[in-house]
Amino acid sequence: MTYSGVVKVGGPADVHELTDLMISKVAVGPMDNNAYLLRCRATGEQLLIDAAAEPDTLLRLIGDDSIASVVTTHRHGDHWQALAEVVAATGARTYAGRHDAEGIPVPTDVLVDDEDTIRVGRVELTARHLVGHTPGSIALVYDDPHGHPHVFTGDCLFPGGVGNTHDDPKAFTDLLNGVEEKLFGRLPDETWVYPGHGKDTTLGDERPKLPEWRERGW
């Protein structure tokens, strides 16, 4: 079946099958968060992005093969409510942005900086540090050698705008500048965007709206 990226709490995962990587997207409550399970097709190793909530749902998605690692995109509580339970059940290594780790109550094994590489089997993800939504948010870029890039943006980029900066003009400017430089400035229009909540998008769909976002200030 064709991947749509449309999921709902209590519903099944949607699976994006790439040549080297399988991406399973699931929605969990109560804040309609997205969690993403990445599986290297060559080795079977798995990585979870954002153990947001509903540990039982996430552990069913993970299955008997377990996970080697779990990445938390940022410190906000709705993105780590299930982290302790998932780590306890799987023994996974934990990753988070260096400047957000102190706000995550589960210890971070690996502090992530801009341009660091995180591996899942033979697949490499590149971290992009983005300031504004939180001090240490990270996006993860998979530059698919067989196609276009894929980027997991946490709460830094959504269809229709950047993440919430709580009416702080400097935070908004920092976040938009970072997204423009490190995502739109380096990746092509075909890049698929997987956000922390809601539907997916592409950089090409959002790129024409950047001047509008800057003018409106959110």
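This briefing covers salt bridges, one helix pair, two buried residues and some unusual backbone spots. The model is a predicted one. Its salt bridges come to 16 in count. Helices α1 and α2 cross at roughly 40°. A cis peptide bond sits between G29 and P30.

**Salt bridges**

- Side chains of opposite charge can pair when their charged atoms come close.
- The count of salt bridges is 16, and three of the pairs are described here.
- E102 and R75 form one of these pairs, with 3.8 Å from N to O.
- E102 belongs to the loop between β6 (93–97) and β7 (110–112), and R75 to the loop between β5 (69–72) and α2 (83–90), so their bridge ties together parts 27 residues apart in sequence.
- E102 is exposed, at 73% relative accessible area.
- R75 is partly exposed, at 23% relative accessibility.
- R128 and E115 also pair up, and their closest N and O atoms are 3.2 Å apart.
- R128 sits in strand β9 (residues 123–130), while E115 sits in the loop between β7 and β8 (117–120), so this bridge ties together parts 13 residues apart in sequence.
- R128 is buried, with 8% relative accessibility.
- Its partner E115 is partly exposed, with a relative accessible area of 36%.
- R119 and E124 meet through their side chains in another salt bridge, at 2.6 Å from N to O.
- Both ends of that bridge are partly exposed: R119 has a relative accessible area of 39%, and E124 has 43% relative accessibility.
- Some bridges share partners, and in this way E115, R128, E181 and R186 are joined into one network.

**The pair of helices α1 and α2**

- Two packed helices are described by the angle between their axes and the distance between the axes.
- Helix α1 covers residues 55–62, and its axis comes within 9 Å of the axis of α2.
- The two axes cross at roughly 40°, and α1 and α2 are therefore oblique to each other.
- The crossing of these two helices is right-handed.
- On the α1 side, the contact is made by P55, L58, L59 and I62.
- On the α2 side, E85, V86, A89 and T90 meet them.
- By type, the residues of this contact are 6 nonpolar, 1 polar and 1 charged.

**Two buried residues**

- Y3 lies in the segment before β1 (14–17).
- Y3 is buried, at 9% relative accessible area.
- Y3 and H16 are 13 residues apart along the chain, and 5.3 Å separates their C-alpha atoms.
- Leaving aside residues up to four places away in sequence, Y3 touches D14, V15, H16, K25, W192, Y194 and D200.
- A82 is found in the loop between β5 and α2.
- A82 is buried too, with a relative accessibility of 0%.
- A82 and V71 are 11 residues apart along the chain, with 12 Å between their C-alpha atoms.
- With residues up to four places away in sequence not counted, A82 touches A51, A52, A53, E54, P55 and L58.
- Two of those names return from the helix pair: P55 and L58 are also among the α1 residues that meet α2.

**Unusual backbone spots**

- Most residues other than glycine have a negative phi, and most peptide bonds are trans.
- G29 and P30 are joined by a cis peptide bond, with omega at about 5°.
- P30 is placed in the loop between β2 (21–28) and β3 (33–40).
- E54 is not a glycine, yet its phi is positive, near 50°.
- E54 is located in the loop between β4 (46–49) and α1.
- E54 is partly exposed, at 26% relative accessibility, and E54 is one of the residues touched by A82.
- S66 is another residue other than glycine with a positive phi, about 60°.
- The loop between α1 and β5 holds S66.
- S66 is partly exposed, at 21% relative accessibility.

Note on methods: Residues numbered from 1 in each chain as written. Predicted model: local features only at pLDDT ≥ 70, side-chain atom pairs only at ≥ 80, totals over all residues. Heavy atoms only, no water. Salt bridge = Lys/Arg side-chain N within 4 Å of Asp/Glu carboxyl O. Helix = DSSP H or I, 4+ residues; strand = E, 2+ residues; numbered from the N terminus. Buried < 20%, exposed > 50% of the residue type's maximum accessible area, 1.4 Å probe, protein only. Axes fitted to C-alpha atoms, helices over the stretch in contact; angles between N-to-C directions. Parallel < 35°, antiparallel > 145°, perpendicular 65-115°, else oblique. Left-handed = near helix turned anticlockwise from the far one by under 90°. Contact = heavy atoms within 4.5 Å. Nonpolar A, V, L, I, M, F, W, Y, C, P; charged D, E, K, R; others polar.
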